[in-house]
Amino acid sequence: MVIIVDYGVGNLASIANMARKAGTDCIISSDPAMVARADKLILPGVGAFDRGVSNLEQRGLIAALNERAVERRVPTLGLCLGMQLMGRGSEEGGRAGLGWLAADSVRFKFGGGAPALKVPHMGWNYIEPAAPAALTSGLPPEPRFYFVHSYYLACDDPSDVMCWTTYGSRFASGIHRGNLWGTQFHPEKSHSFGLALLRNFLALP
């Protein structure tokens with residue numbers, strides 16, 4: 001059973017529709033009991049970091065997420081804010097994240113004579129796989145994805161980075177550690193590239 005976690009932020013229906021195109025029906029749920037039975041989890045999200053943490057708390061989801069993702073180690077995919085919540089915290093707010101990764105969310109900063117770029121980073125951009133990984137396997141040539149974000153996850157350990165993207169400077173646009181996966185971009189808005197990546201996640205054992 002694949003659960004798309006509903007904690008009040010993000011376009012859940014579009015993720016479910018893309019998963020259906022990839023051949024899997026997902027359940028959208030905010031029920032901790034349903035989350036506690038998941039074989040795979042998708043943690044989406046758009047918006048402010050602190051609000052995301054507060055919503056997870058208010059819906060009683062954090063314990064269930066920790067049990068499945070950390071203790072049971074079911075495959076878990078964080079999307080955009082969902083990936084950022086896997087870290088320790090964010091420059092955007094003062095709340096602690098889930099703490100699943102040694103990483104913090106930081107805001108784009110441009111300096112050193114480089115021309116200032118618009119924030120948020122919005123639109124299509126390419127990814128560069130950091131190493132072979134199940135989610136990026138078999139992607140179409142020159143994979144590009146749709147981004148809308150002002151913050152990105154900075155990992156302590158570079159080996160946690162699944163792929164890089166350049167926007168002024170290089171940043172981690174995807175992460176992978178064990179059963180944890182994340183993308184700063186939106187697969188559900190990324191056409192054939194997003195479909196291929198999501199299909200890879202849903203095929204994980």
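Where is the place of Val9 in this protein? Val9 sits in the loop between β1 and α1, and it makes a handy starting point for a tour of this predicted model.

**Val9 and two other residues**

With a relative accessible area of 5%, Val9 falls under the 20% cut-off, so it counts as buried. Leaving out residues up to four places away in sequence, Val9 touches Gly45, Val46, Arg51, Asn55 and Leu81. Two of these, Val46 and Leu81, also belong to the lining of the largest pocket, which we will visit below.

Ser105 belongs to strand β6, residues 103-107. Its relative accessibility is 1%, so Ser105 is buried too. Beyond its neighbours within four places in sequence, Ser105 is in contact with Gln84, Gly89, Ser90, Glu91, Tyr151, Tyr152 and Leu153. Among these partners, Gln84 and Tyr151 help line the largest pocket. From Val9 to Ser105 there are 96 residues in sequence and 18 Å in space, C-alpha to C-alpha.

Is Pro141 buried or exposed? Pro141 is exposed, because its relative accessible area of 73% is over the 50% cut-off. Pro141 lies in the loop between β8 (128-129) and β9. Its C-alpha is 28 Å from that of Leu41, and the two residues are 100 apart in sequence.

Here are the three residues side by side:

| Residue | Location | Relative accessible area | Class |
|---|---|---|---|
| Val9 | loop between β1 and α1 | 5% | buried |
| Ser105 | strand β6 | 1% | buried |
| Pro141 | loop between β8 and β9 | 73% | exposed |

**The largest pocket**

Which residues line the largest pocket? They are Val46, Gly47, Cys80, Leu81, Gln84, Glu92, Pro120, Val148, His149, Ser150, Tyr151 and Gln184. By type, the lining consists of six nonpolar residues, five polar and one charged. The elements α5 (81-84) and β9 (144-149) each contribute at least two of the lining residues. The space inside this pocket comes to about 170 Å³.

**Two helices**

Now for the helices α1 and α6. In α1 (residues 12-21), the buried residues are Leu12, Ser14, Ile15, Ala16, Met18 and Ala19. An α-helix has 3.6 residues a turn, so residues three or four places apart point the same way. The buried residues of α1 pack against β1 (2-5), β2 (27-29), β3 (40-43), β4 (76-79) and α6. After α1 comes Gly23, with a positive phi near 100°.

Helix α6 covers residues 191-202, and nine of its twelve residues are buried, so the rest of the structure largely encloses α6. The buried ones are Phe193, Gly194, Leu195, Ala196, Leu197, Leu198, Asn200, Phe201 and Leu202. The geometry of α6 checks out as well: at 1.5 Å a residue, its twelve residues should span 16 Å, and the end C-alpha atoms are indeed 16 Å apart.

**The whole protein**

Stepping back, the protein has six helices and 13 strands. Its radius of gyration is 16 Å, close to the 17 Å that the globule rule gives for 205 residues, so the protein is as compact as a globular protein of that length. The C-alpha trace spans about 50 × 40 × 30 Å along its principal axes. Of the 205 residues, 53% are buried. Among contacts with a separation of 6 or more, 70% join residues 24 or more positions apart.

Conventions
Residues numbered from 1 in each chain as written. Predicted model: local features only at pLDDT ≥ 70, side-chain atom pairs only at ≥ 80, totals over all residues. Heavy atoms only, no water. 1 Å grid on protein atoms, 1.4 Å probe; cavity = no way out; pocket = protein on both sides within 12 Å on 5 of 7 lines; lining within 4 Å. Points joined across faces, edges and corners; volume = space filled by probe spheres on them. Helix = DSSP H or I, 4+ residues; strand = E, 2+ residues; numbered from the N terminus. Nonpolar A, V, L, I, M, F, W, Y, C, P; charged D, E, K, R; others polar. Expected span 1.5 Å × (residues − 1). Buried < 20%, exposed > 50% of the residue type's maximum accessible area, 1.4 Å probe, protein only. Contact = heavy atoms within 4.5 Å. Rg over C-alpha atoms; globule rule 2.2 N^0.38 Å.
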